[in-house]
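Let's walk through this one together, starting with the ligand and ending with the cysteines. Pull up the viewer and follow along.

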Amino acid sequence: MTDSLEAAARAAQGRAYAPYSRYRVGAAVEADDGTVFAGCNVENASYGLTICAERAALAAAVAGGARQFRRAVVVSDSDPPAAPCGACRQVLAEFGDFEVAAVGPKRTLRWTVAELLPAAFSRAQLT
Ligand code: THU
């Protein structure tokens with residue numbers, strides 16, 4: 001089944017800027033009010049400055065006024081599909097515990113943010 005969140009992630013994947021890895025990723029997050037925000041990976045000649053699709057989607061969401069999410073979808077063309085990297089797990093965890101689906105051509109993997117990053121560093125440690 002292709003839902004609207006996956007469709008948004010797939011559309012963003014089509015706009016990925018990945019001239020170095022050729023690995024194109026799209027992500028979309030669904031805010032608590034149902035609004036969808038998408039992002040894609042944006043690579044750079046200085047490789048370490050690459051922005052992952054997940055963080056791009058979250059940045060778009062925050063800029064759009066959303067901070068609470070129901071779920072996220074990440075679309076890639078690999079099997080196994082792209083699971084969020086460690087940095088993205090930390091950034092996802094900043095915004096709570098919600099469902100994350102990694103969609104690839106052959107299978108979909110599903111987790112919660114807490115499953116992806118147990119014992120996350122969070123605001124709890126800072127208070
Ligand atoms: N990438 C993402 O955008 N999200 C993931 O979940 C995994 C990796 C990007 C970063 C880089 O542009 C390319 O995929 C290869 O690592």
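How far is an oxygen atom of the ligand from a polar backbone atom of Ala83? The model is a predicted one, and in it that separation comes out at 3.3 Å. On its own the ligand has 370 Å² of accessible area, and the protein covers 79% of that.

Side chains reach the ligand too. In Glu54, an N or O atom of the side chain is 2.5 Å from a ligand oxygen. Asn41 also takes part, with a polar side-chain atom 3.0 Å from an oxygen atom of the ligand.

Now zoom out to the surroundings. The ligand sits in the second largest pocket. Around the ligand you'll find Ser21, Tyr23, Val25, Asn41, Glu43, Thr50, Cys52, Ala53, Glu54, Ala82, Ala83 and Pro84. Sort that shell by residue type and you get seven nonpolar, three polar and two charged residues.

Cys52, one of the residues surrounding the ligand, takes us to the sulfurs. Search the whole structure for disulfides and you get zero. Why does Cys52 not have one? Its closest cysteine sulfur belongs to Cys88 and is 3.8 Å away, which is too far for a bond, since a disulfide needs the two sulfur atoms within 2.5 Å.

Cys85 is in no disulfide either: the nearest cysteine sulfur is again that of Cys88, 3.8 Å away. As for its surface, Cys85 has 30% relative accessibility, so Cys85 counts as partly exposed.

Note on methods
Residues numbered from 1 in each chain as written. Predicted model: local features only at pLDDT ≥ 70, side-chain atom pairs only at ≥ 80, totals over all residues. Heavy atoms only, no water. Near = heavy atom within 4 Å. Polar contact = N/O pair within 3.5 Å; in protein donor to acceptor, adjacent residues only side chain to side chain. Areas by Shrake-Rupley, 256 points an atom, 1.4 Å probe, with all protein chains shown as cover. 1 Å grid on protein atoms, 1.4 Å probe; cavity = no way out; pocket = protein on both sides within 12 Å on 5 of 7 lines; lining within 4 Å. Sits in = over half its atoms within 2 Å of the grid points. Nonpolar A, V, L, I, M, F, W, Y, C, P; charged D, E, K, R; others polar. Buried < 20%, exposed > 50% of the residue type's maximum accessible area, 1.4 Å probe, protein only.
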